[in-house]
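Thanks, everyone, for making the time. I would like to walk you through one protein chain today, and to concentrate on how its parts meet.

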Amino acid sequence: MSISARLPVFPWDRLEPYKATAAGHGDGIVDLSVGTPVDPVPDVVREALAAASDSPGYPLTYGTAALREAAAGYLSRWHGVSGADPRHVLPLIGSKELVGWLPTLLDLREGDQVGYPDLAYPTYEIGALIARAEPVAYGDPVTDLDPARTRMLWLNSPSNPTGRVLSAAELRRVVEWARAHGILVVSDECYIELGWEGAEPVSVLHPDVCGDRHDGLIAVHSLSKRSNFAGYRGAFLAGDPAVVAELLGIRKHAGMIVPQPVQAAMVAALGDRAHAVEQKERYARRRGALRTAFEGAGFRIEHSEASLYLWATRDEDCWETVGDLSKQGILVAPGEFYGPAGSRFVRIAFTATDERVDAAVRRLS
């Protein structure tokens with residue numbers, strides 16, 4: 001059986017008819033279905049990319065020393081990670097690449113299980129299927145996963161799609177259980193800077209979670225959301241020295257290398273806090289406007305204390321909600337994309353421009 005035959009249909013292909021309906025609105029579509037950045041790439045990032053554009057030689061898979069130092073410094077300064085070590089950092093060609101390929105790179109195979117949240121980014125499941133491992137959705141990993149067969153488990157806090165934030169105590173409970181059973185914990189922290197209304201997301205590498213050591217843990221960080229970096233494809237992982245070394249060796253053979261100009265742009269993005277604060281303020285304004293409008297239109301918002309999404313329901317089948325909103329020219333993502341538990345919810349992204357957010361607010365009110 002081919003790899004493609006083992007995989008489900010790409011979810012967003014199912015949304016195309018609703019997108020066509022929304023696009024037919026007289027004032028145009030308001031696309032709130034995908035969390036892709038729409039604001040300009042910060043000048044500091046673009047200037048660094050341009051300055052490094054004369055890069056005729058092969059870049060380093062390991063990344064430049066400056067990049068690894070910038071990533072370690074970022075974890076230490078902004079996320080309280082003690083013992084962040086540039087030697088234990090590895091740049092990535094965007095975080096989705098890592099999510100999709102990690103089980104394969106770690107030599108998981110048939111009989112091995114990969115745990116992931118029962119409401120989750122679909123690529124956690126896809127990565128396991130590509131490796132021929134068994135994906136297992138959990139509500140609580142400590143009680144729902146088989147420690148004898150689970151080789152790796154994904155955490156995602158803040159969550160995509162729900163925006164739920166796990167506390168340090170909740171994360172510590174999972175880490176202690178996984179370490180006791182020799183299970184690698186991989187924490188996708190791409191929304192960690194986007195906590196709202198007092199929510200304070202914490203890294204799995206924070207000492208309140210893991211103590212003074214990072215063994216058995218990998219944290220994955222993306223610049224896509226904080227720095228409008230999605231088109232550049234730049235991210236990094238950090239954590240367990242042995243796992244980082246193993247992945248570095250494999251990625252050297254496979255040619256999985258972040259381009260040199262992108263590495264330089266990552267250094268600039270990680271070293272500049274001002275643009276990330278400005279971008280978060282933009283998202284906060286859009287989030288507030290959309291939350292008020294959707295709640296006024298009869299939606300109930302659950303969780304959503306962090307990330308780039310509102311997790312909303314009218315207590316009906318998600319496709320009914322998608323269809324109704326598409327007639328108003330508003331496109332949202334059906335919760336079913338993220339697991340059966342989301343079948344009565346929709347995910348609303350606030351990554352549209354201010355003008356399009358204002359259009360959605362007018363239509364809903």
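The domain assignment divides this chain, which we are seeing as a predicted model, into domain 1, made of 3–40 together with 275–364, and domain 2, which runs over 53–272. If you take the centres of the two domains over their C-alpha atoms, 26 Å separate domain 1 from domain 2, and the contact draws on 34 residues from domain 1 and 34 residues from domain 2.

How much area is buried between domain 1 and domain 2? The figure is about 2,900 Å², and carbon and sulfur atoms account for 59% of it. On the domain 1 side, R6, H275 and E305 deserve a look, since together they supply 22% of the area that domain 1 buries against domain 2, which is more than any other three residues give.

Turning to the polar side of this interface, the rule finds 18 residue pairs in polar contact across it, counting pairs with both residues at pLDDT 80 or more. As for salt bridges, the rule finds one across the interface of domain 1 and domain 2. In the chain, E197 and R287 form a salt bridge through their side chains, at 3.0 Å from N to O.

Which elements carry the side of domain 1 that touches domain 2? At least two residues each come from α1 (3–6), α13 (274–296) and β10 (309–313), and α13 gives the most, with eight residues. By residue class, that side of domain 1 comprises 18 nonpolar, eight polar and eight charged residues.

Conventions
Residues are numbered from 1 along each chain as its sequence is written. This is a predicted model: local features need pLDDT of at least 70, side-chain atom pairs count only at pLDDT 80 or more; totals for chains, interfaces and linings use all residues. Side-chain values use heavy atoms; hydrogens and water are left out. Domain bounds come from an automatic or database domain assignment. Contact means heavy atoms within 4.5 Å. Buried area is the accessible area (1.4 Å probe) that two parts lose on being put together, summed over both. A salt bridge is a side-chain nitrogen of Lys or Arg within 4 Å of a carboxyl oxygen of Asp or Glu. A polar contact is a pair of N or O atoms within 3.5 Å; within protein, one must be able to donate a hydrogen and the other to accept it, and residues adjacent in sequence count only if both atoms are side-chain atoms. Helices (H or I, at least four residues) and strands (E, at least two) are DSSP runs, numbered from the N terminus. Ala, Val, Leu, Ile, Met, Phe, Trp, Tyr, Cys and Pro count as nonpolar, Asp, Glu, Lys and Arg as charged, and the others, Gly among them, as polar.
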